[in-house]
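Here are a few exercises to work through with the model open beside you. Try each task before you read its solution.

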Amino acid sequence: MGEDVLGLWSLVKGLKITGAFFFSKQVTVHYPRAGVDNLATFRGPIELVPNPEDPAGPLCIACMTCAATCPTGAILVVKKNALKPVDAAPDQNKTARKAPKGPAKFTYDYTLCCQCGLCAENCPKGAIRFSGNPYCASINKKDFEFDLLEKFRMNMD
Amino acid sequence: MSFDEIQLIRMIVAVVATALFVAASVIFLVYLERKVAGHVHRRPGPFEVGPHGMLQTVADAVKLLSKQPLKPDGADPVLFWLAPIAAFAPTLLLLLPIPFGPILTGFEVNLGLLLILAFSGINVLALCLAGWGSDNKWAMLGAARSVAQAVGYEIPLLLAVLAVTFTSGTLNLSEMVAQQGPYPWHWNIMTQPLAFFIYFVCAVAETNRNPFDLPEAESELTAGFHTEYSGMGFGLFFLAEYTNMIVVCSVCTALFLGGWQGPFLPGFWWFLAKMYVLLLVMMWFRWTFPRLRFDQLLNLNWKWLLPLSLLNLLGTALVMKLF
């Protein structure tokens, strides 16, 4: 009998708690009307790290590890082709035909990316990093097919 | 225009006005429920559809209307389609005897209270039809539990209402309200607080609201008796539930909280205010309490509410006889 009365009192206490919650400040942030203030751990889409020796180009050597590791197949890398030998002497051919290491094309489908970070973790050169950009929103699926070499081309102009 | 013709026109106007009131109320109530739920959870609730999410119910209604009403293969077509109609149709009738204002009674009837109590029993029939006609084990179980719950909780409800009938001497809701006064100390809740408490708990159980919503619990019985309904079939059950909430809270304000009586404003606004306070309390209960297990639910009824309501009734009778 006593514990039933105590039980009834616990119901009243529960009502007080939810009643207090009703009037307290909301925890939700109205994105995108309001900005989010704890973005330190947000990953967002990946981007290529510029080469410190040659900032016009990426650090990427087109080893294809990231494309192979990516669990969803969001990354597509195409190596640069070797230059054709142009009227060179036989002993000069080998150096002239050494393939430049770099990507000719590096496309990335953000709609497939799960932000697991395996590409960045496994890159031998550390050429991939997360941009931390939380404001990629669009109503068009095409806008999420990023060309990660675009920023290097733009800088070269 | 003879007296009968005037009465007929009055009835028609009353029915149409009640239907409009129900429609407007339910639309608002669904939105209010989701907003209250959101704020209790410290989140905004519906926000995008319309300003502050006000058109959310309209979007929900359009969604329900545009879904295909499916019937399972083995389900009895008559029973299956009759159930939602049987759930929703009496609710309009239930609102007619309720005095919304000094002259705003749809159909003033000397046995208004009895009419309401009798017709709310049709809901039980609708649950049976839904459960049996669905050809689904869980729907059947949900319906069986729902029937046991509804039938069981009607008894303390009846006894609590009977105690108020003793003190006011009439079953006519308009007269009961007229006997009360504008201020809280004139209301029936002062003379019958236990009856108010019992009535409210039974009302929450009758309308299958949390914490008594095991028969339609999503996590327990995959929506119980209305599992097999989609689109407008489910929409009608949904509407019936909210309309029943309105009916039950209206009867509660008429019986215990002085109905339309109030100091400065015209009666209808006081009635609406009191009704909405009770509805908000029902929503508060929903987002506070965990669901009762079925045996706990029945125990609460048979071991606590029924003896308490009997004691209340006897006490009332004793006090009335002696004083």
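Two strands count as paired if DSSP finds at least two bridges between them. Keep that cut-off in mind for the first exercises, and remember that this is a predicted model.

**Exercise 1. Count the bridges between β2(A) and β3(A), and find which residues face each other.**

Step 1. Start with β3(A), residues 103-109 of chain A. It pairs with β2(A) over 5 bridges, in the antiparallel sense. The cut-off asks for at least two bridges, and the 5 found here satisfy it.

Step 2. Now look for partners. V77(A) stands opposite F106(A) in β3(A). L76(A) has T107(A) of β3(A) as its bridge partner.

Step 3. Follow T107(A) to the other neighbour: in β5(A), its bridge partner is D147(A). β3(A) and β5(A) are joined by 3 bridges and run antiparallel.

**Exercise 2. Work out the strand order of this sheet in chain A, and say which strands stand at the edges.**

Step 1. Put the pairs together: the order is β2-β3-β5, an open sheet of 3 strands with antiparallel pairing.

Step 2. Look for strands with a single partner. β2 (75-79) and β5 (145-147) of chain A each have just one, so they stand at the edges and one side of each has no neighbour in the sheet.

Step 3. Check the twist. On average, neighbouring strands of the sheet are turned by 15 degrees against each other, direction ignored.

A general reminder: strands of a sheet pair through backbone hydrogen bonds, either parallel or antiparallel.

**Exercise 3. Place the sheet in the wider layout of chain A: how many helices and strands does the chain have?**

Step 1. Chain A has 5 helices and 5 strands. Along the sequence they follow the pattern α-β-α-β-α-β-α-β-β-α.

Step 2. Consider the contacts in chain A with a separation of 6 or more: 76% of them are made by residues 24 or more positions apart.

Step 3. Finally, turn to burial. Chain A has 157 residues, and 12% of them count as buried.

**Exercise 4. Describe how α3(B) packs against α5(B): what are the angle and the distance between the axes?**

Step 1. Helix α3 (residues 77-94) and helix α5 (residues 122-133) of chain B pack at about 160 degrees, with axes 8 Å apart.

Step 2. Angles over 145 degrees count as roughly antiparallel, and therefore α3(B) and α5(B) are roughly antiparallel to each other. The crossing is left-handed.

Step 3. List some residues of the contact. From α3(B) they include L79(B), F80(B) and P90(B), and from α5(B) they include I122(B), L129(B) and W132(B). By class, the contact of α3(B) with α5(B) has 13 nonpolar, 2 polar and no charged residues.

**Exercise 5. Do the same for α11(B) and α12(B): which residues make the contact?**

Step 1. Helix α11 (residues 232-256) and helix α12 (residues 267-286) of chain B pack at about 120 degrees, and their axes are 9 Å apart.

Step 2. That angle makes the pair α11(B) and α12(B) oblique to each other. α11(B) passes α12(B) in a right-handed crossing.

Step 3. M245(B), C249(B), S250(B), C252(B) and T253(B) of α11(B) meet F271(B), K274(B), M275(B), L278(B), L279(B) and M282(B) of α12(B). The classes are 8 nonpolar, 2 polar and 1 charged.

Note on methods:
Residues numbered from 1 in each chain as written. Chains lettered and ligands numbered in written order. Predicted model: local features only at pLDDT ≥ 70, side-chain atom pairs only at ≥ 80, totals over all residues. Axes fitted to C-alpha atoms, helices over the stretch in contact; angles between N-to-C directions. Helix = DSSP H or I, 4+ residues; strand = E, 2+ residues; numbered from the N terminus. Parallel < 35°, antiparallel > 145°, perpendicular 65-115°, else oblique. Left-handed = near helix turned anticlockwise from the far one by under 90°. Contact = placed C-beta atoms within 7 Å. Nonpolar A, V, L, I, M, F, W, Y, C, P; charged D, E, K, R; others polar. Buried ≥ 20, exposed ≤ 12 C-beta atoms within 10 Å, placed from the backbone.
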